[in-house]
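Trainee: Could you take me through one part of this structure up close? I'd like to see what sits in the middle and what surrounds it.

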Amino acid sequence: MASAPDISVVIPVFDEEGAAPALAREVAAAFAGRSFELIFVNDASRDGTRAALLALRSEIPQLRVLSHGKNSGQSRAIRTGILGARGAVIVTLDGDGQNDPADGPALVDALLAGPPELALVGGERVKRQDSQGKKIASRIGNGVRKRLLKDTANDTGCGLKAFRREAFLRLPYFDHIHRYLPALMLREGYRTEFRPVNHRHRQTGRSKYTNLGRLWASLSDLYGVMWLQSRARNPGAVDEG
């Protein structure tokens with residue numbers, strides 16, 4: 001095998017035949033000149049997403065396509081990609097094309113320029129291109145989560161993040177973990193930062209979530225993360241001598 005890349009870009013997709021090929025090309029252009037691999041995790045799509053991505057492998061040699069045998073959700077797809085990744089730095093994006101891949105390298109640079117304890121640099125969407133209802137629900141959800149978890153994050157729903165693979169693998173896994181990465185990183189003793197990023201209209205397909213569905217899931221998840229925070233024990237620095 002070729003030497004391991006520095007960066008692994010992980011993108012979960014479910015029924016995104018229309019968006020995935022263009023997104024793959026955008027990522028390849030954004031990270032051109034860097035040592036990277038591009039991992040799409042096909043979460044048992046029912047359309048031609050997998051075939052469309054496989055057809056790009058000759059055009060984008062860094063492209064890898066992992067596929068789930070059954071639909072398991074966004075968090076599980078992200079984790080599958082990270083477990084299979086070879087880079088020390090992970091970049092995640094949503095598969096619908098609303099995150100702008102051009103913002104990814106800047107998040108990576110900010111992460112690598114920071115101290116070793118900086119484990120995550122997350123994007124905060126500016127000028128969100130979503131429905132008014134979705135924006136209001138997101139604003140409320142982010143406010144409640146930030147107040148209860150004290151994770152300093154204004155927008156954990158932004159899929160564009162850069163973080164250290166080793167740090168992610170130290171976190172407890174559960175469904176919907178991707179929305180609580182800042183709080184869990186802080187729980188483990190790491191630092192987090194956030195940078196403004198672009199947000200775009202969805203051009204194809206449709207959202208896989210509803211506001212009500214997010215609400216019910218987030219309530220149980222919030223209680224779970226609060227419990228994890230209450231059970232944390234941080235030893236600080238560890239010396240061998």
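**A close look at the core**

Mentor: Sure, let's start at Val 91. Skipping its neighbours within four places in sequence, Val 91 is in contact with Ile 7, Ser 8, Val 9, Val 10, Phe 31, Val 108, Leu 160, Lys 161 and Ala 162. Keep in mind that this is a predicted model.

Now zoom out a little. Val 91 is among the residues with the most contacts inside the largest nonpolar core, along with Val 9, Ile 11, Phe 31, Leu 38 and Phe 40. That core has 31 residues. The elements giving two or more residues to the core are strands S1 (7-13), S2 (36-42), S3 (63-67), S4 (89-92) and S5 (118-125), together with helices H1 (20-30) and H4 (104-113). H1 gives the largest share, 5 residues. As a general background point, nonpolar side chains in soluble globular proteins tend to be buried together.

H1 deserves a closer look, then. Its buried residues are Ala 20, Pro 21, Leu 23, Ala 24, Val 27 and Ala 28. Looking down the axis of H1, you'd find these buried residues within an arc of 160°, so they line one face of the helix. The general rule helps here: an α-helix has 3.6 residues a turn, so residues three or four places apart point the same way. And what does that buried set pack against? The buried residues of H1 pack against S1, S2 and helix H2 (49-54).

There's also a second, separate core, with 25 residues, including Ile 39, Ala 77, Leu 120 and Leu 184. Follow Leu 184 and you get to Pro 172. The two are 12 residues apart along the chain, and their C-alpha atoms are separated by 8.2 Å. Pro 172 sits in the loop between helix H6 (165-169) and helix H7 (181-187). Leaving out residues up to four places away in sequence, Pro 172 touches Ile 177, Leu 184, Arg 187 and Leu 228. Is Pro 172 buried or exposed? Neither: its relative accessibility is 25%, so Pro 172 counts as partly exposed.

Arg 187 takes us to one more spot, since it helps line the second largest pocket; Arg 170, Tyr 190 and Val 238 are among the other lining residues. This pocket has a volume of about 280 Å³, and its lining has 5 nonpolar, 3 polar and 4 charged residues.

Finally, the whole chain: there are 8 helices and 7 strands, and buried residues make up 46% of the 241 residues.

Key. Residues numbered from 1 in each chain as written. Predicted model: local features only at pLDDT ≥ 70, side-chain atom pairs only at ≥ 80, totals over all residues. Heavy atoms only, no water. Core = buried A, V, L, I, M, F, W, Y, C linked by side-chain atoms within 4.5 Å. Buried < 20%, exposed > 50% of the residue type's maximum accessible area, 1.4 Å probe, protein only. Helix = DSSP H or I, 4+ residues; strand = E, 2+ residues; numbered from the N terminus. Contact = heavy atoms within 4.5 Å. 1 Å grid on protein atoms, 1.4 Å probe; cavity = no way out; pocket = protein on both sides within 12 Å on 5 of 7 lines; lining within 4 Å. Points joined across faces, edges and corners; volume = space filled by probe spheres on them. Nonpolar A, V, L, I, M, F, W, Y, C, P; charged D, E, K, R; others polar. Arc of directions from axis to C-beta.
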